[in-house]
Amino acid sequence: MNWTWYLFRFDGRMGRAGFWCSLIFVLSGMILLLLLCLSVMSALGSEVKSFNLNAEDVFKIVDPAAYRWSLLDNLPLLLLKLAATGLMLWIDLAIMVKRLHDRNKSAWWLLAYFVLPGLYKQFEDRLPDSYWMLPLALASVILPLAAFIETGFLRGTVGPNRFGPDPAAEGDSTSAAPPAKRWDQSREIEFVPPSASPPGGMHVKRGA
């Protein structure tokens with residue numbers, strides 16, 4: 001099983017089984033990474049009141065108010081959390097993109113499924129309290145739910161699409177690569193008798 005492709009690459013298609021297996025692996029990795037971060041901070045003598053890993057924390061990068069006090073209070077903790085959050089974000093996006101490919105959708109759909117809801121939640125408390133914000137608030141709830149249903153429960157397109165072959169059609173919904181071609185020995189190996197070559201230097205192919 002190619003975990004490098006599963007977790008870090010954005011090419012190809014991923015079926016539903018591969019999607020759920022990857023999520024279980026990511027959840028286990030998040031728990032281990034969280035424990036490691038807490039252990040490192042405790043060993044450095046830093047007081048850790050709360051520490052969590054969430055891919056949506058990446059939107060704090062565009063919100064200076066989110067880290068204004070953290071930079072002054074605990075810079076090592078901030079840097080450690082940024083590195084861990086960046087790693088989890090990369091893995092989450094790699095899984096989501098391949099699953100969208102299986103649905104014959106490009107990665108641009110992440111703008112609607114992930115970026116726009118994430119930005120709204122980050123700045124929600126600073127947006128004007130108006131009825132004009134109601135459609136945006138509803139979209140921030142509906143779009144992630146739609147993304148979860150589509151990536152987790154809906155089958156990919158039947159047959160090959162623009163992103164690759166159908167993983168489910170090959171009997172393994174976690175596979176994205178086409179089956180390797182078998183080596184045809186009779187087409188690849190030529191035996192040329194040294195003393196009984198046909199006239200004109202013709203080669204004779206003999207099957208195994």
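Of the contacts in the protein chain between residues at least 6 apart in sequence, 68% join residues at least 24 apart. That figure belongs to a predicted model, and I shall return to the matter of confidence. The secondary structure behind these contacts comprises eight helices and zero strands, so that, read from the N terminus, the order of elements is α-α-α-α-α-α-α-α.

Turning to burial and surface, the protein chain has 208 residues, of which 30% are buried. The chain exposes about 13600 Å², and 66% of this area is supplied by carbon and sulfur atoms.

One feature of that surface deserves attention. A nonpolar patch is formed by Trp20, Leu145, Phe148, Ile149, Phe153 and Leu154, which together have about 540 Å² of accessible area. Helix α7, residues 134–153, contributes four residues, the largest share of the patch. Phe153 is one of the patch residues and lies in helix α7. Is Phe153 buried or exposed? Its relative accessible area is 46%, and Phe153 is therefore classed as partly exposed.

I should now like to contrast two individual positions. The first is Asp102, in helix α5, which spans residues 75–102. Asp102 counts as buried because its relative accessibility is 3%, and the cut-off for that class is under 20%. Which residues does Asp102 touch, once those up to four places away in sequence are set aside? They are Arg13, Met14, Gly15, Gly156, Thr157, Asn161 and Pro167.

The second position is Val62, located in the loop between α2 (16–43) and α3 (64–67). With a relative accessibility of 52%, Val62 counts as exposed, the cut-off here being over 50%. Beyond its neighbours within four places in sequence, Val62 is in contact with Leu119 and Phe123. Val62 and Leu119 are 57 residues apart along the chain, and their C-alpha atoms are separated by 8.9 Å.

Finally, confidence. The mean pLDDT of the protein chain is 77, with 70% of its residues reaching 70 or more. Among the elements, α7 has the highest mean pLDDT, at 94, whereas helix α8, residues 185–188, has the lowest, at 44. Over residues 172–192 pLDDT stays under 50, although the model has 34 contacts beyond four places in sequence for this stretch. Why be cautious there? Where pLDDT is low, the predicted coordinates should not be read in detail.

Note on methods: Residues are numbered from 1 along each chain as its sequence is written. This is a predicted model: local features need pLDDT of at least 70, side-chain atom pairs count only at pLDDT 80 or more; totals for chains, interfaces and linings use all residues. Side-chain values use heavy atoms; hydrogens and water are left out. Helices (H or I, at least four residues) and strands (E, at least two) are DSSP runs, numbered from the N terminus. Buried means under 20% relative accessible area, exposed over 50%, partly exposed in between (1.4 Å probe, protein chains only). Contact means heavy atoms within 4.5 Å. Accessible areas come from the Shrake-Rupley method with a 1.4 Å probe; for residues, only the protein chains shown count as cover. Patches are made of residues with over 30% relative accessible area and no salt bridge: like charges are joined within 9 Å, nonpolar side chains (Val, Leu, Ile, Met, Phe, Trp, Tyr) within 5 Å. A salt bridge is a side-chain nitrogen of Lys or Arg within 4 Å of a carboxyl oxygen of Asp or Glu. pLDDT is the predictor's confidence in each residue, from 0 to 100.
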